Amino acid sequence: MAKIPHRFYLTEEQMPTQWYNLRADMKQQPDPLLNPSTLKPVEEQDLYPIFCKKLAHQEVDCTTRYFDIPEEVLDMYKIFRPSPLCRAYNLEKALGTPAKIYYKFEGNNTSGSHKLNSAIAQAYYAKEQGLTSLTTETGAGQWGTALSEACAYFGLPLDIFMVKVSYEQKPFRKAVMQVFDGNVIPSPSTTTQVGKKILQDNPNTSGSLGCAISEAVEKAVNTEGCRYVLGSVLNQVLLHQSIIGLESKKAMEILGEYPDVVIGCAGGGSNLGGLIGAFMQDKILGKSDTRFVAVEPASCPSLTRGRYAYDFCDTGKITPLAKMYTLGSGFIPSANHAGGLRYHGMSPILSKLYHDGYMEAVSYEQTKVFEAAVQFAKCETILPAPESAHAIKGAIDEALKCKESGEAKTILFGLTGTGYFDMKAYSEYLAGNMTDYVPTDEDLEKGFATLPDIK
Ligand SMILES: *Cc1c(COP(=O)(O)O)cnc(C)c1O
């Protein structure tokens with residue numbers, strides 16, 4: 001066989017035309033979402049005021065194995081997909097490992113990350129249902145950017161409540177969203193009741209994700225033809241992201257490869273769930289013995305140190321309750337944490353797989369993660385997002401284990417995005433000013449104390 005190329009692209013014709021729903025093959029289902037007021041499992045119709053109907057259906061459907069990707073969604077996917085499956089020859093050489101390292105690169109679009117895969121689907125279904133606008137929140141800005149692009153494409157107005165501190169510190173992110181007509185509002189704002197109340201109580205607040213979610217939901221609920229959308233954690237988002245794993249599997253098949261280990265970074269779990277889906281199917285069906293590794297920051301360790309419990313998905317405690325690995329919705333990572341992945345919980349699907357022993361998890365301190373990012377950038381000429389660099393660090397460690405044992409394993413990891421908007425964090429790392437903080441058990445107890453009391 002000819003040498004495997006540095007970058008391998010499927011053709012447009014080879015692109016998957018369906019998403020894969022991993023729940024259809026799971027031996028045991030994740031526990032259902034609960035209505036926060038009745039504590040009863042959420043029915044599809046209960047979700048209609050929050051999500052458009054097709055997405056509400058995808059959220060609760062545990063049996064349909066494949067969903068057709070709508071033609072209009074595929075058309076926009078084809079602007080930036082298939083994404084390349086890359087062979088990290090230079091990194092392998094630098095590490096002196098016998099392992100073969102592959103990565104699926106999702107940063108080849110203006111939003112700079114995998115988030116566009118779900119943003120397009122969510123904007124499309126909203127437009128199809130005849131909705132006339134959407135709202136969302138964004139912290140650092142990646143999700144807001146992806147959704148702005150998708151909404152501009154489908155002609156749907158979008159309000160983005162952006163955490164005020166990011167709004168002020170990251171003016172270029174705001175400008176990118178504005179290019180795509182996203183209406184960026186610093187949160188807390190005076191455009192909602194909840195925002196006004198927060199500002200009254202605390203005029204100098206720099207905002208929080210919890211507050212931005214509350215504003216976005218209030219705006220959606222009070223606006224005719226408007227819905228609120230989320231960029232991670234949910235089952236529907238993992239479904240849309242399954243395109244990452246389906247493309248990877250097909251590309252590897254053509255190259256005559258199959259991964260022994262699949263590694264991804266884990267914030268809310270959407271890229272990891274999407275990357276592992278098609279491979280996890282084989283493992284669940286007894287066709288492979290691949291290992292799956294979730295990598296998270298030591299400063300926000302929901303899988304490695306969290307509790308498996310029902311919790312709110314947001315800090316404002318207005319969303320349905322999800323059974324997941326969580327640090328408690330009141331958990332806030334330490335202020336020096338620059339590497340992203342700061343969500344308190346984890347996708348219920350991934351939480352269940354982890355709980356049942358199908359997946360492993362590791363955590364790393366951020367200086368180690370940036371060290372891996374810089375090494376990778378020099379070898380592979382891609383400046384990785386700090387989030388993605390967690391997966392890089394995981395892959396490097398696996399490859400170094402192979403060096404010790406002499407095993408030529410095949411490693412696949414997800415490179416979720418580029419780091420051009422994270423240069424402040426890179427500068428701090430390069431100047432030697434970056435520090436690590438690992439929460440003590442006592443710190444974590446404060447977050448666990450915010451867990452709702454549900455048996
Ligand atoms: C948002 C984001 C993540 C983390 O989100 P998941 O839902 O866990 O995938 C990882 N990498 C990048 C580049 C992101 O923008």
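User: Where is the place of Leu10 among the strands?

Analyst: In this predicted model, where local features need pLDDT of at least 70, side-chain atom pairs count only at pLDDT 80 or more, and totals for chains, interfaces and linings use all residues, Leu10 sits in the loop between strand 1 (7-8) and strand 2 (18-20). Strands (E, at least two residues) and helices (H or I, at least four) are DSSP runs, numbered from the N terminus. Residues are numbered from 1 along each chain as its sequence is written, and side-chain values use heavy atoms, with hydrogens and water left out.

User: Why does Leu10 count as buried or exposed?

Analyst: Buried means under 20% relative accessible area, exposed over 50% and partly exposed in between, with a 1.4 Å probe and protein chains only. Leu10 has 6% relative accessibility, and therefore counts as buried.

User: What makes Leu39 stand where it does on that scale, and which phi does it have?

Analyst: Its relative accessible area is 41%, so Leu39 is partly exposed. Leu39, found in the loop between strand 2 and helix 1 (53-60), has a positive phi of about 60 degrees although it is not a glycine.

User: Why is Asp181 called buried or exposed?

Analyst: Asp181 reaches 65% relative accessibility, and so counts as exposed. Asp181 lies in the loop between helix 7 (171-179) and strand 8, and its phi, near 65 degrees, is a positive value in a residue other than glycine.

User: How do you know where the ligand lies with respect to domain 1 and domain 2?

Analyst: Domain 1 (8-14 + 82-112 + 238-448) and domain 2 (18-68 + 114-228) both give residues to the shell around the ligand, so the ligand lies between them; the domain bounds come from an automatic or database domain assignment.

User: Which polar contacts does the ligand make through Ser232, Gly267 and Ser270?

Analyst: A polar contact is a pair of N or O atoms within 3.5 Å. An oxygen atom of the ligand lies 2.4 Å from a polar side-chain atom of Ser232, while for Gly267 a polar backbone atom is 2.7 Å from a ligand oxygen, and for Ser270 a polar side-chain atom is 2.7 Å from one. Taken alone the ligand exposes 390 Å², of which the protein buries 94%.

User: What is the largest nonpolar core, and what makes a set of residues a core?

Analyst: A nonpolar core is a set of buried Ala, Val, Leu, Ile, Met, Phe, Trp, Tyr and Cys residues joined through side-chain atoms within 4.5 Å. The largest has 96 residues, and Trp19 and Ile276 are among those with the most contacts inside it.

Terms used. A polar contact is a pair of N or O atoms within 3.5 Å; within protein, one must be able to donate a hydrogen and the other to accept it, and residues adjacent in sequence count only if both atoms are side-chain atoms. Accessible areas come from the Shrake-Rupley method with a 1.4 Å probe; for residues, only the protein chains shown count as cover.
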